Amino acid sequence: MHIFFVHMMNYDRILHIMELDATDIRILSHLQLDARASNAEIAEIALLSASQCHRRVKRLEEEGFITGYHAEIDAARVGLDINAFVHVTLGTHEENRVKAFVEAIEPIEDIQECYSITGDADYILRVSMPNLTSFSEFIMHQLMPLPMVGNVKSYIAMESVRNSNQLPLTHLP
């Protein structure tokens, strides 16, 4: 069985259809578990020769299924003891203010993730900070002064119960 994905490339509305098969899914699943796996190891799991596997991985990268390889860093070991989620509601929803908000937060390195969401808030941010003082300074001096921000609510995580960067691929054949 094959599954087809429609992938938007570079926001330019050019549609590209790529077929994923069980071998591609085995490759993606293994790379999620171990991005440092050698091509030979991936080839063994994918039941391919090393050259076939290399071509498949390259194709998955070129087609945008694999978007990068990253090291997981222990936040506490590098002094980032505060992990917080911040709900941001804009004062108004004019297109230029929405765009201005996105542009304003883009260079802020303390923000790891930002999502446009449904519900009471417009955006949810995930931020990491060394301590409460730096978190307060971020909220009071970087986020709240933005002219398009209407309301901010923050939630500090007390404990990480589950934390995974691995996407579930079990829905794929």
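A residue counts as buried when its relative accessible area is under 20%. By that yardstick, 28% of the 173 residues of this chain are buried. The structure above is a predicted model, so please read everything below as values computed from a prediction.

## The chain at a glance

Let us start with the overall layout. The chain contains five helices and six strands. Following the chain from its N terminus, you meet these elements in the order β-β-α-α-α-β-α-β-β-α-β. The surface that the chain exposes comes to about 12,200 Å², and carbon and sulfur atoms supply 54% of that area. As for how the chain folds back on itself, consider contacts between residues at least 6 apart in sequence: 59% of these join residues at least 24 apart.

## The sheet

Which strands make up the open sheet, and in what order? Four strands take part, arranged E4-E5-E3-E6, with antiparallel pairing. At the edges are E4 and strand E6 (149-156), each of which pairs on one side only. From one strand to the next, the twist averages 20°.

Two helices pack on this sheet. H4 touches E3, E4, E5 and E6, and its direction makes about 15° with that of E5. Helix H5 (residues 132-143) also touches E3, E4, E5 and E6, while its direction makes about 20° with that of E3.

Strand E5 is a good place to look more closely. On one side, strand E3 (residues 82-90) pairs with E5 in the antiparallel sense over seven bridges. Within this pairing, Val-88 has Tyr-123 of E5 as its bridge partner. Strand E4 (residues 111-116) also runs antiparallel to E5, and five bridges join the two. Here Ile-111 stands opposite Val-127 in E5. E4 and E5 form a hairpin with six residues between them, and Gly-119 in the turn has a positive phi of about 110°.

Why can E5 be called largely enclosed by the rest of the structure? Five of its seven residues are buried, so the surroundings cover most of the strand.

## An aromatic pair between helix and strand

How many aromatic pairs does a search of the whole structure find? The search gives one. Its partners are Phe-101 and Tyr-123, whose rings lie 4.7 Å apart centre to centre with 40° between the planes, and the pair is classed as tilted. Phe-101 belongs to helix H4 (residues 95-105) and Tyr-123 to strand E5 (residues 123-129), so this pair ties together parts that are 22 residues apart in sequence. Tyr-123 therefore has two roles in this picture: it is a member of the aromatic pair and the bridge partner of Val-88.

## Buried or partly exposed?

The table gathers the relative accessible areas of the two aromatic partners and of two cysteines.

| Residue | Relative accessible area | Class |
|---|---|---|
| Phe-101 | 0% | buried |
| Tyr-123 | 7% | buried |
| Cys-53 | 0% | buried |
| Cys-114 | 30% | partly exposed |

Both members of the aromatic pair are buried, Phe-101 at 0% and Tyr-123 at 7%. The cysteines fall into separate classes: Cys-53 is buried, whereas Cys-114 is partly exposed. How many disulfides does a search of the whole structure find? The count is zero.

Definitions and conventions
Residues numbered from 1 in each chain as written. Predicted model: local features only at pLDDT ≥ 70, side-chain atom pairs only at ≥ 80, totals over all residues. Heavy atoms only, no water. Disulfide = S-S within 2.5 Å. Buried < 20%, exposed > 50% of the residue type's maximum accessible area, 1.4 Å probe, protein only. Phe/Tyr/Trp six-rings, centres within 6.5 Å; stacked < 30°, edge-to-face > 60°. Pairing = 2+ DSSP bridges. Axes fitted to C-alpha atoms, helices over the stretch in contact; angles between N-to-C directions. Contact = heavy atoms within 4.5 Å. Areas by Shrake-Rupley, 256 points an atom, 1.4 Å probe, with all protein chains shown as cover.
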